[in-house]
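This report examines the packing of a single chain, with attention to its nonpolar cores, internal cavities and aromatic pairs.

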Amino acid sequence: MSSVEGRTMAILSHLCNYFKTPDVTLTYDQYQSMLCTLRERQNLFQHQGIFLLTPFVILETSKNCTKNVLTSHNLLHKLYALLTAMIDGNHGNCKVFATQQWLETFITQLELSWLVDDVLDVLLCLLKDSPEFLNIFTDAHINAVVSLFNTEGRNKKVMKLLSSLCVCHDVVIRDKQRLICDHLLNYGDILLHTTMCQKVECVHLNVYVGESSCNPPRQWYYEVKVVELNHSATPPHLRIGWAHATSFCAHPTSFGDVVTEGGIGDDMYSVGYDGHACWVGGDPLNPSHEGLGTGDVVGCCIDLEKGVSFFILNGSQVPGYVRQDHLTELVTPSVSISSGASVVMMLGGGAEKFKYRPPAGYSGLCNAVLPGKAVEVVWFDNPGDGHRLHGPLMISDSHGFVPTVIETKEDIPDPVKCVQEQLAKNLHEVWSRNKIDSGYVYGSVRNDKLKQHPCLIP
């Protein structure tokens, strides 16, 4: 983070504290005095025109958050916190947003999974302090909020927002109740759950290793990088490992307070790792309490000869080995994942180079890709049109090139040395001719814009 970005975040933090709601433990007189001061500050920012700048900055930042994702995300969280603080409890400020245009804007922002909690905070404030805002909620808006159950699972803020739409200022809103019930009936399984069950997708790559795959290596390795883990709602489900291509079948399971549909490691034909433990048959082995985080890299190793697999977290081997007699043929790299999590699977070679060196004797899965075959993401059970995975399902340039360098440290016979020098000289001459034909000239420092290169010498 640059110094400018650091100062911006510090200013936003100070502004959030400037609009901080008084502590309810204060005496009545102190609380009322601080509350009046807060309302004056909120009104001042509205009258000075600074108040409306915040949502416009949010919109522009969310449109251009691809350059520095982490910094943009942190900035947007702070901006939404500031907007919530400026409208909380202030009917006049909330009334400004009681328009169809602003509601559409906030509903659209709900599509960004990492902003859902922040947008819901704003919507809850607007419903609480602006009856006008309630009247502009339509069938489509309610459907968009209800559909968050698919992506956010057991999010208390989603439930609270739906409750606020049904009963606002102690007044029952019958039409909103009917609309919400009609939409919820489409999610009948949700209404039957006493505990919210996470929707988990079990997928694998169409890369297979083992006795029936005609791949001679018996020890394989691939890596998975955790791009995002959003713990704002229900802790996301993420397990990485191996599974039998045809026999794997996930079973519903639970871990602590979280109930899931089942994933990798919940049957006897798969093994998975989630940062807490290695999973086999629905049981955690060698459990810990660390868990995975954004930026972690998990290396998955399997020895088909011995039926043994183990995992490497950020370059360090996870204690323990898992023996699975079922995982000796038609084994495929697999991931089970829920909303709030995103990963990148790396097979090695080309653009998918490993971050850490595979253990001795283990081959990257790029060598198991059949020539001319594109790597694709495949579901273990076909979800039809209901899947909610985002990202490329096909990698056209998947068969990575792994250079094989011949070591020349040993003594080379004199006749071969002569040929070697001639080949190296000719290679340089060919390279130089191509560069000159492209407009390059000699320069002491390489500069591709000016087409200068220091190696353009005999």
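Helices (H or I, at least four residues) and strands (E, at least two) are taken as DSSP runs, numbered from the N terminus. The model is predicted, so local features need pLDDT of at least 70 and side-chain atom pairs count only at pLDDT 80 or more, while totals for chains, interfaces and linings use all residues. Residues are numbered from 1 along each chain as its sequence is written, and side-chain values use heavy atoms, with hydrogens and water left out.

**Overall composition**

The chain has 14 helices and 22 strands. Of its 458 residues, 42% are buried; buried denotes under 20% relative accessible area, exposed over 50%, and partly exposed the range in between, with a 1.4 Å probe and protein chains only. Contacts are defined by heavy atoms within 4.5 Å. Among contacts with a separation of 6 or more, 67% join residues 24 or more positions apart.

**Nonpolar cores**

A nonpolar core is a set of buried Ala, Val, Leu, Ile, Met, Phe, Trp, Tyr and Cys residues joined through side-chain atoms within 4.5 Å. The largest one comprises 53 residues, and Ile-87, Phe-106 and Phe-133 have the most contacts inside it. Helix 7 (residues 116-129) is the greatest contributor to this core, giving nine residues. A second, separate core contains 38 residues, including Val-203, Leu-229, Leu-304 and Leu-313. When residues up to four places away in sequence are not counted, the residues touched by Ile-87 include Phe-51, Phe-97, Val-122, Cys-125 and Leu-126. Polar and charged residues such as Gln-42, Asn-93 and Asp-129 also touch Ile-87.

**Cavities**

A cavity is a set of points, on a 1 Å grid over the protein atoms alone, where a 1.4 Å probe fits but cannot get out; lining residues have an atom within 4 Å of a point. Grid points are joined across faces, edges and corners, and a volume is the space filled by probe spheres set on the points. The structure holds two cavities of 30 Å³ or more, and the second largest has a volume of about 30 Å³. Its lining consists of Pro-55, Ile-58, Leu-59, Tyr-80, Leu-83, Trp-102, Thr-105 and Phe-106. Helix 3 (53-63), helix 4 (69-87) and helix 6 (100-109) each supply at least two residues of that lining. By class, the lining has seven nonpolar residues, one polar and no charged, where Ala, Val, Leu, Ile, Met, Phe, Trp, Tyr, Cys and Pro count as nonpolar, Asp, Glu, Lys and Arg as charged, and the others, Gly among them, as polar.

**Aromatic pairs**

Rings of Phe, Tyr and Trp (its six-membered ring) pair if their centres lie within 6.5 Å; planes under 30 degrees apart count as stacked, over 60 as edge-to-face and the rest as tilted. This rule gives 14 aromatic pairs. Two of them are listed below.

| Pair | Centre distance | Plane angle | Class |
|---|---|---|---|
| Tyr-273 and Phe-311 | 5.4 Å | 20° | stacked |
| Phe-310 and Tyr-362 | 5.8 Å | 85° | edge-to-face |

Tyr-273 belongs to strand 9 (residues 270-273) and Phe-311 to strand 13 (residues 308-313), so this pair ties together parts that are 38 residues apart in sequence. Tyr-273 is buried at 4% relative accessibility, as is Phe-311 at 1%. Phe-310 lies in strand 13 and Tyr-362 in the loop between strand 17 (341-346) and strand 18 (363-364), so their pair ties together parts 52 residues apart in sequence. Both Phe-310 and Tyr-362 are buried. Elsewhere, ring pairs link Phe-56, Phe-97, Trp-102 and Phe-106 into a cluster.

Note on methods:
1 Å grid on protein atoms, 1.4 Å probe; cavity = no way out; pocket = protein on both sides within 12 Å on 5 of 7 lines; lining within 4 Å.
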